[in-house]
Amino acid sequence: MYKKIFVPVDNSEHSVTSVDLAVELAQAYDAELVGSHAYAARLHDYRFKQMEFTLPDEYLIEEEMEKQRKVHDTLITMGLELISDSYLVVMQARAEKAGLQFQPKMYDGKNFKVIADDINSSDYDLVIMGALGLGAVKDSQIGSVCERVVRRTRTDTLIIKNLADIKDQVKPNTNGVDHKDGSGIVVAVDGSPESFAGLKTAIQLGKTFGKTVEAISAYDPYLHYAMFNSIVHVLTEKASKVFKFQEQEQLHEEVIDTGLAKIYQSHLEVAVKIAEEEDFDLKITLLDGKAFEKILEYVRRTKPWLLVMGRIGVHSDETMDIGSNTENLLRLVPCNVLLSSQRFTPAVDVQAESSMIWTEPAQRILDRAPDFAKGIARTTVHRWAMERGHSVVTVSVLEQALGTILPKSSMMAMGIIADDVARTKIEAGDDQTWVCGNCGWVARGFEPQKCTVCSSPKDQLQKLDKAAIEGLAPLEGAIIEEQSFDKVKLKYTAEARAIVKAIPDGYQRRRAKAKIEKRARVRKIDLITRAMVAEVVDVTEIETLMLEEKGELGQRAVDAAVDAATETERNTRDGQYSWTPDAVARLARVPEGFMRNATKRRIEKLADTAGTDLIDLATVEEGVKIGLRLMEEAIKKKNAEKGEDDQ
Amino acid sequence: MAPSVLKLEISRLGRLMDRLPIEDERRNMLVAVRYRLGLLRDVVLGDFETADLESCDEHLRSAILSLGFRPDAADRVAVAGTTAATGAGLENNLDNIADRLGYVRERLRRLR
């Protein structure tokens with residue numbers, strides 16, 4: 001878990017216990033130890049000079065003063081270093097005895113500042129330091145160095161308050177979830193990522209040292225009563241009416257107070273799930289009242305070995321140095337404290353299942369989904385709702401959440417698109433139909449501005465004009481009814497029907513006919529014209545052969561017609577262009593990235609110039625050839641410029 | 001495994017789409033499913049090591065949801081009659097596709 005543990009030492013009792021615990025943890029997690037001591041040599045030097053005038057008269061003689069200054073200089077420059085060294089030698093000996101890697105550090109400067117700077121510029125994942133230093137007195141709660149370092153750093157910090165023998169402190173507690181004196185771990189969970197990270201750390205520590213872990217959460221239902229009572233005394237009668245005080249109070253009682261309990265209970269339930277994932281048994285306790293006060297009471301009563309808290313709470317701004325509850329508890333609790341600065345956000349599904357409520361209508365809509373989609377829909381809605389701070393899923397939330405990923409047709413199928421949308425769609429009629437050239441999405445009854453599936457712009461949407469297609473029919477002879485492969489009757493113009501009939505091979509003819517009819521039905525066109533047949537077969541070639549020799553069509557024409565159909569089927573549609581397979585393969589040989597993209601654009605331009613949307617191998621070859629030529633020219637030009645520069 | 005299943009399902013969806021008349025509400029649903037699977041296929045065929053598995057999951061979720069919340073039989077427009085391709089056969093096909101996509105999603109989730 002921890003790989004590099006940092007301990008600032010000062011030879012105080014708290015510091016010695018910090019080293020002891022650091023050794024225990026480093027052994028457990030095979031971590032490296034770093035010890036440091038800060039001494040303020042310059043400050044001492046300055047102070048000494050300030051106090052020189054207070055020396056007895058015998059020192060205030062020129063030679064004597066110089067001598068004393070030299071003695072003091074030696075003390076400052078070497079003595080403090082020696083003292084620091086001796087502090088660290090103790091830690092080094094402990095580390096070596098335990099077979100641990102140790103790195104000593106000494107710095108000259110204001111202690112809290114140099115320590116914080118070192119922590120912030122190093123990769124320590126845990127800092128262990130004493131709550132109090134050498135200057136502590138009877139009523140000291142927390143030392144200034146400890147407090148200032150905690151405020152200035154963002155690394156997990158374990159603050160030592162318990163000075164009992166460390167072997168006793170880290171002993172397993174075997175009495176189930178009930179704490180023996182100084183044995184278990186309590187984690188304060190408030191739903192913040194810091195507190196959940198603290199929980200995970202506590203679970204690991206619990207596993208390592210065989211300790212029980214208990215998650216507690218405190219919510220304050222009384223704050224709102226206090227707020228309302230203070231407001232009611234200052235409001236005028238008129239203002240009270242505007243404020244609707246009684247209604248507000250009732251709302252707060254019913255929603256906020258009960259809601260708060262649910263929210264904090266849900267944090268604990270999420271904590272249990274996190275522990276279950278770690279295969280760890282976690283006791284949970286919900287407390288009501290002022291958070292720091294209730295937690296303090298609980299800790300005083302249960303006497304855990306360690307209290308774990310997030311450095312900042314769920315309501316804190318991320319830029320805050322320390323949360324107010326954490327700050328109070330850090331000062332007041334009698335046990336060791338671990339401030340978690342790491343962040344862990346439980347899977348949204350886990351959080352949502354514990355906290356999200358569905359209204360009956362929303363639940364009814366969800367129940368319409370088949371089993372395979374129900375869970376996914378629920379997760380999707382939960383994620384969307386939680387990201388926006390909802391705690392209740394209504395139909396409106398459901399509609400907006402699923403609307404981000406479901407097409408309108410599915411939304412209507414679920415009955416979660418408002419009736420007026422459906423009505424507008426029906427009233428608009430089917431006169432206009434647009435098909436997306438990229439993905440095939442169809443819009444009927446309105447003119448879309450873009451494809452709702454792939455977001456292709458309007459120019460990629462092709463309008464199907466039934467009237468124009470059907471208007472060609474009278475020019476192509478009589479209308480003849482034909483039965484499709486699945487026994488549906490469709491109409492052909494005489495010309496279109498003759499071309500289809502002219503395909504000699506029975507199998508190929510049926511194949512081409514089925515394809516033409518399928519296209520017509522997809523577009524909801526009842527009448528098949530010559531132009532529609534031409535989309536599938538090479539009409540010109542077949543017609544030429546028909547004219548040449550009635551009833552004696554050569555195999556070549558049939559092959560051509562079939563090949564045309566097969567090739568069309570194999571082509572790849574890319575935007576407005578249709579690429580033949582060999583064209584696609586050739587383009588794929590061009591180096592990926594800028595070169596391929598530029599070549600592709602050039603080829604599409606060539607197709608535009610030729611007035612076709614079909615891109616075949618020849619077009620690609622031409623585009624590649626132009627590209628190579630341009631590249632050669634560019635290289636020549638660059639070489640020429642380089643030659644000029646060299647001269 | 002995933003690219004093969006996706007390619008198979010994309011071509012299957014294409015065939016199913018072709019069988020449906022343009023005004024059938026299920027057609028756009030199939031378009032959306034096919035489009036999402038196309039995006040997913042591009043991801044898994046690309047540099048999968050660096051692929052964003054969250055976006056893969058989103059594509060699959062969207063596809064499965066679209067298949068799950070499909071228009072009811074009563075809403076469908078019966079053009080050219082109901083055949084095995086557009087009736088119960090299609091429904092079974094769509095359920096099977098959803099099952100297979102669910103399987104792919106489950107496998108991908110294990111990689112996350």
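In the predicted model, 10 strands of chain A form an open sheet. Their order is 3-2-1-4-5-10-9-6-7-8, and the pairing is mixed. Strands of a sheet pair through backbone hydrogen bonds, either parallel or antiparallel. Strand 3 (102–108) and strand 8 (282–288) of chain A stand at the edges. Each has a single partner strand, so one side of each is left without a neighbour in the sheet. From one strand to the next, the twist averages 20°.

One pairing in chain A shows the parallel case. Strand 6 (residues 185–188) and strand 7 (residues 213–219) of chain A run parallel. Four bridges join these two strands. Within this pairing, A:Val186 stands opposite A:Glu214, a residue of strand 7 of chain A.

Helices lie across the sheet strands. Helix 5 (residues 144–152) of chain A lies across strand 4 (126–130), strand 5 (157–160) and strand 10 (336–340) of chain A. Helix 5 runs at about 160° to strand 4 of chain A. Helix 12 (residues 324–332) of chain A lies across strand 5, strand 9 (306–310) and strand 10 of chain A. The angle between helix 12 and strand 9 of chain A is about 160°. Strands 5 and 10 of chain A are thus crossed by helix 5 and also by helix 12.

Aromatic side chains were examined next. Over all chains, the count comes to four aromatic pairs. One of them joins A:Phe6 and A:Tyr124. The ring centres are 4.4 Å apart and the planes stand at 5°, so this pair is stacked. A:Phe6 lies in strand 1 (residues 4–8) of chain A. A:Tyr124 lies in the loop between helix 4 (111–121) and strand 4 of chain A. The two residues are 118 residues apart in sequence, so the pair ties together distant parts of the sequence. Both A:Phe6 and A:Tyr124 are buried.

A:Phe209 and A:Trp305 also pair. Their ring centres are 6.2 Å apart and their planes stand at 70°, so the pair is edge-to-face. A:Phe209 belongs to helix 7 (residues 193–209) of chain A. A:Trp305 sits in the loop between helix 11 (291–302) and strand 9 of chain A. This pair therefore ties together parts that are 96 residues apart in sequence. Both A:Phe209 and A:Trp305 are buried.

Chain A as a whole has 27 helices and 21 strands. Of its 647 residues, 45% count as buried. Among contacts in chain A with a separation of 6 or more, 69% come from residues 24 or more positions apart. Chain A exposes about 34,500 Å², and carbon and sulfur atoms supply 52% of this area.

Chain B has four helices and zero strands. Along the sequence, chain B follows the pattern α-α-α-α. Of the 112 residues of chain B, 52% count as buried. Residues 24 or more positions apart make 77% of the contacts in chain B with a separation of 6 or more. The exposed area of chain B is about 4,900 Å², with 48% supplied by carbon and sulfur atoms.

One residue of chain B was followed in detail. B:Glu9 is found in helix 1 (residues 2–19) of chain B. Its relative accessibility is 0%, so B:Glu9 counts as buried. A polar contact of 2.3 Å joins its side chain to that of B:Arg100. Leaving out residues up to four places away in sequence, B:Glu9 touches B:Leu37, B:Ile97, B:Arg100 and B:Leu101.

Technical notes:
Residues numbered from 1 in each chain as written. Chains lettered and ligands numbered in written order. Predicted model: local features only at pLDDT ≥ 70, side-chain atom pairs only at ≥ 80, totals over all residues. Heavy atoms only, no water. Pairing = 2+ DSSP bridges. Axes fitted to C-alpha atoms, helices over the stretch in contact; angles between N-to-C directions. Contact = heavy atoms within 4.5 Å. Buried < 20%, exposed > 50% of the residue type's maximum accessible area, 1.4 Å probe, protein only. Polar contact = N/O pair within 3.5 Å; in protein donor to acceptor, adjacent residues only side chain to side chain. Areas by Shrake-Rupley, 256 points an atom, 1.4 Å probe, with all protein chains shown as cover. Phe/Tyr/Trp six-rings, centres within 6.5 Å; stacked < 30°, edge-to-face > 60°.
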